[in-house]
Amino acid sequence: MTNVHKPRLRSFCSSGWPDYELLDSGDGRKLERFGPYTLIRPEPLAVWPRALPQQAWEEAHAEFFMHGQGEGGHWAFYRPLESPWTMRYKGLRFQVQITGSRHLGVFPEHAVQWDWIMAQVRRAGRPLRVLTLFSYTGLATLAAARAGAQVTHVDAARSAVEAARQNQTLSGLDGCPIRWIVDDALKFVRREARRGVRYDAIVLDPPRFGRGPKGEVWEFFHDMPVLCEACRAVLSEQPQFILLTAYAKRASTPELRRWIAELMAGSEGDLVVGQLVTRPTGGGHALPHSLTVRWSAWRR
């Protein structure tokens, strides 16, 4: 039986960042510090006026401008900037860099998820096998490994997996048992089920839209419930946790809650739905990000 908390949407905010700050947001943009550099990136959810004076924004090293509605665009550089550079968070070290999109190799709001993953692995009191899907540059994977889990990391982009392996070395975790897989998430899970491989925990961080290494199309609202059903077949008899992060704009909390509740039907635990948020250091509005669903086993 899963206990579902429904009263309100909880807010999960990252803290303890030495190398990241949301300085300000507003007018469709956000001003952030990534290590030694201050950057401006688009943020459609920041519909309010900016809190900091214009001078603070004019001191940014670079700014990303979107081309239309997609991820494409270009960076404008205002001050010298060397890319890539290294950032750190609670024992994790990783590279970030200017790319052809607004993304830099890290989603800072996910740090609260990394903390939760590490806490769940340590709380289990037993060795865990963890599967991370759509794992990007590997910070959720490294958080689980650092806490003592054996991890299988899956992402469709070879470049992302290579970056994750570099982050493993930077974090001093080369000795940790991590299996690196370049594959389509759904195909991989179905193969694991046929092989009889089972996992105690699954981390899902799917995009709204994407393509697998062989051109497989991923569309969140069509494929996410299919993937959840497939994940049921690779769960161990004593699952410890499930973590879903959803950036799809039309995703609703009842829909996400239902998918994970159905995935964990028959297992005893708590299911909580929330939203990742970042609070600016310069005052002003807290910035909302993705929705998240967390399922964790009751203490035995």
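## The five-stranded sheet

In this predicted model, five strands come together as an open sheet, arranged in the order β3-β4-β5-β6-β7 with mixed pairing. The strands β3 (20–26) and β7 (73–77) lie at the edges and have a single partner strand each, so one side of each is left without a neighbour in the sheet. Averaged over the sheet, and with direction ignored, neighbouring strands are turned by 20 degrees against each other.

Two of the pairings show what the word "mixed" refers to here. Strand β5 (residues 37–42) pairs with strand β6 (residues 62–66) in the parallel sense, over two bridges, and within this pairing I40 has E63 of β6 as its bridge partner. Strands β6 and β7, in turn, run antiparallel and are joined by five bridges; here M66 has G73 of β7 as its bridge partner. When looking along these strands in the structure, it helps to remember that in a regular strand the side chains alternate between the two faces of the sheet.

## Helix α3 and its surroundings

Is helix α3 largely enclosed by the rest of the structure, or largely open? Of the eight residues that make up this helix (residues 139–146), six are buried, so α3 is largely enclosed by the rest of the structure. The buried residues are L139, T141, L142, A143, A144 and A145.

These buried residues pack against both strands and helices: the strands are β9 (92–96), β10 (129–133), β11 (150–155) and β12 (178–182), while the helices are α2 (111–124) and α4 (158–170). Just after α3, the backbone at G148 adopts a positive phi of about 115 degrees.

## Helix α5 against helix α6

Two packed helices are described by the angle between their axes and the distance between the axes. For helix α5 (residues 185–195) and helix α6 (residues 220–232), the axes come within 9 Å and cross at roughly 20 degrees. Because angles under 35 degrees count as roughly parallel, α5 is described as roughly parallel to α6, and α5 passes α6 in a left-handed crossing. On the α5 side the contact is made by A185, L186, V189 and R190, and on the α6 side by V226, L227, A230 and C231. Sorted by character, the residues of this contact comprise seven nonpolar, no polar and one charged.

Helix α5 also holds R194, which counts as exposed because its relative accessibility is 65%. Although R194 and V234 are 40 residues apart along the chain, their C-alpha atoms are separated by 9.0 Å.

## Helix α6 against helix α7

Helix α6 also has a contact with helix α7 (residues 253–263), where the two axes come within 8 Å and cross at roughly 20 degrees. The helices α6 and α7 are therefore roughly parallel to each other. In which hand does α6 pass α7? The crossing of α6 with α7 is right-handed, whereas that of α5 with α6 is left-handed.

From α6, the residues that make this contact are F220, F221, M224, P225, C228, C231 and R232, and from α7 they are E255, L256, W259, I260, E262 and L263. Together the residues of the contact of α6 with α7 divide into ten nonpolar, no polar and three charged. C231 of α6 appears in the contact with α5 and again in the contact with α7.

Note on methods
Residues numbered from 1 in each chain as written. Predicted model: local features only at pLDDT ≥ 70, side-chain atom pairs only at ≥ 80, totals over all residues. Heavy atoms only, no water. Buried < 20%, exposed > 50% of the residue type's maximum accessible area, 1.4 Å probe, protein only. Helix = DSSP H or I, 4+ residues; strand = E, 2+ residues; numbered from the N terminus. Contact = heavy atoms within 4.5 Å. Axes fitted to C-alpha atoms, helices over the stretch in contact; angles between N-to-C directions. Parallel < 35°, antiparallel > 145°, perpendicular 65-115°, else oblique. Left-handed = near helix turned anticlockwise from the far one by under 90°. Nonpolar A, V, L, I, M, F, W, Y, C, P; charged D, E, K, R; others polar. Pairing = 2+ DSSP bridges.
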